[in-house]
Amino acid sequence: MAYNLLQGKKGIIFGALDEHSIAWKTAERVHEEGGTFVLTNAPIAMRMGQINALAEKTSAQIIPADATNMDDLNNLVTQSMEALGGKLDFVLHSIGMSVNVRKGRHYTDEKYDWTTKGWDVSALSFHKVCQSLFQNDAMNEWGSIVALTYMAAQRTFPDYNDMADNKAYLESVARSFGYFFGKEKKVRVNTISQSPTPTTAGKGVKGFDGFITYAEKMSPLGNATAQDCADYTVSLFSDLTKKVTMQNLFHDGGFSNTGVSQEVIDEFTED
Ligand SMILES: NC(=O)c1ccc[n+]([C@@H]2O[C@H](COP(=O)([O-])OP(=O)(O)OC[C@H]3O[C@@H](n4cnc5c(N)ncnc54)[C@H](O)[C@@H]3O)[C@@H](O)[C@H]2O)c1
């Protein structure tokens, strides 16, 4: 069901790799709600991905950008304003990658070149995106910037590895940049802390199947899907959440506030 919540709003969506991506589902939902946008991803992901099909479906233009590269980002931001005919109302940062996770390197044995690369892609890139938007004065007043995160920033999930540290940094950027964006531009900046979701990035985490099933059993409402996340993101892009900023918003079916569930107790109870 569509409510026209984003009619007339313009933005940029980072990170749609394939139809499982949270950014992909979000782009479809934003389109349904009347928003127009530019799709972007790293040039290498474009070659592998199916982003053209999404662009066609949502009447979006594609502008490649490596989110770690300021020249790419400044080009993306200025070109997007030109393509969309004005300043932006929403931006989704849906980007994550850890080389240590990819290569199965344990947290106690990190290769720091890989750690630095993963931090740049997953965490610092959010600061870079915000800085490019800020310095190019690219956001309309009451605009909304959202990045995606995971609860391993607050609690330990051993196999999440250095991504936990990257997410802690990302969430801090939302608070710190949110202050300046709020004061100077009346723009909100938030992170959504999403349930485990079966995407390329999600399934790359060791033990993902056990992990997602456990979360499902622990969450009173069940895990939030990528589609649910798209809905929530639309609400944060809409005018209905204008005073929500500098927050890390849990979107996890109640997982983060559940100590134990009956299903998990039953698993460990001998009859
Ligand atoms: N899947 C989960 O379980 C889960 C849970 C919570 C949060 N998240 C977060 O959601 C976000 C989206 O991930 P997803 O699960 O949809 O997976 P995904 O693999 O579909 O998306 C990750 C995206 O990051 C892009 N990317 C990587 N390096 C980049 C670069 N240098 N420049 C620009 N883009 C780059 C990839 O091309 C890809 O499109 C990530 O921040 C992820 O950490 C995922």
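1. Let's start at the ligand. In this predicted model, 27 residues surround the ligand, and those that come nearest are Ser-21, Ala-45, Gly-96, Ala-201 and Gly-202. Try finding these five in the structure before you read on.

2. What kinds of residue make up the shell around the ligand, by class? There are 14 nonpolar residues, twelve polar ones and one charged one.

3. Next, look at where the shell comes from. Helix H1 (22-32), strand E5 and helix H8 (200-203) each give at least two residues to the shell around the ligand. The largest share, three residues, is supplied by H8.

4. Now for the nonpolar cores. As a general background, nonpolar side chains in soluble globular proteins tend to be buried together. Here the largest nonpolar core has 56 residues, and the members that touch the most other members are Ile-13, Ala-16, Ala-27 and Leu-39. Apart from this core lies another, made of eight residues, including Val-101, Ala-152, Ala-153 and Ala-164.

5. Ala-16 is a good residue to click on. Which residues does Ala-16 touch, not counting those up to four places away in sequence? They are Ser-21, Ala-23, Trp-24, Ala-27, Leu-39, Asn-41, Ile-51 and Leu-54. Ser-21 also appears among the residues that come nearest to the ligand, while Ala-27 and Leu-39 were named above for the largest core.

6. Met-163 belongs to helix H7 (residues 163-185). Is Met-163 buried or exposed? Met-163 counts as buried because 28 C-beta neighbours lie inside 10 Å, and the cut-off for buried is 20 or more. Leaving aside neighbours within four places in sequence, Met-163 is in contact with Gly-96, Ser-98, Val-101, Ser-122 and Ala-152. Two of these names may ring a bell: Val-101 and Ala-152 are in the core of eight residues. By contrast, Leu-88 is 75 residues from Met-163 along the chain, and the C-alpha atoms of the two are separated by 29 Å.

7. Finally, two backbone angles deserve a second look. Most residues other than glycine have a negative phi. Trp-142, although not a glycine, has a positive phi of about 65°. Trp-142 sits in strand E5 (residues 139-149), and it counts as partly exposed because it has 14 C-beta neighbours inside 10 Å.

8. Met-246 is not a glycine either, and its phi is positive, at about 60°. Where is Met-246 found? Its place is the loop between helix H10 (226-237) and strand E7 (248-251). With 17 other C-beta atoms within 10 Å, Met-246 is partly exposed.

How values were computed: Residues are numbered from 1 along each chain as its sequence is written. This is a predicted model: local features need pLDDT of at least 70, side-chain atom pairs count only at pLDDT 80 or more; totals for chains, interfaces and linings use all residues. Helices (H or I, at least four residues) and strands (E, at least two) are DSSP runs, numbered from the N terminus. A residue is buried if 20 or more other C-beta atoms lie within 10 Å of its own, exposed if 12 or fewer, and partly exposed in between; C-beta atoms are placed from the backbone. A nonpolar core is a set of buried Ala, Val, Leu, Ile, Met, Phe, Trp, Tyr and Cys residues joined through C-beta atoms within 7 Å. Two residues are in contact if their C-beta atoms, placed from the backbone, lie within 7 Å. A residue is near a molecule or strand if its C-beta atom, placed from the backbone, lies within 6 Å of it. Ala, Val, Leu, Ile, Met, Phe, Trp, Tyr, Cys and Pro count as nonpolar, Asp, Glu, Lys and Arg as charged, and the others, Gly among them, as polar.
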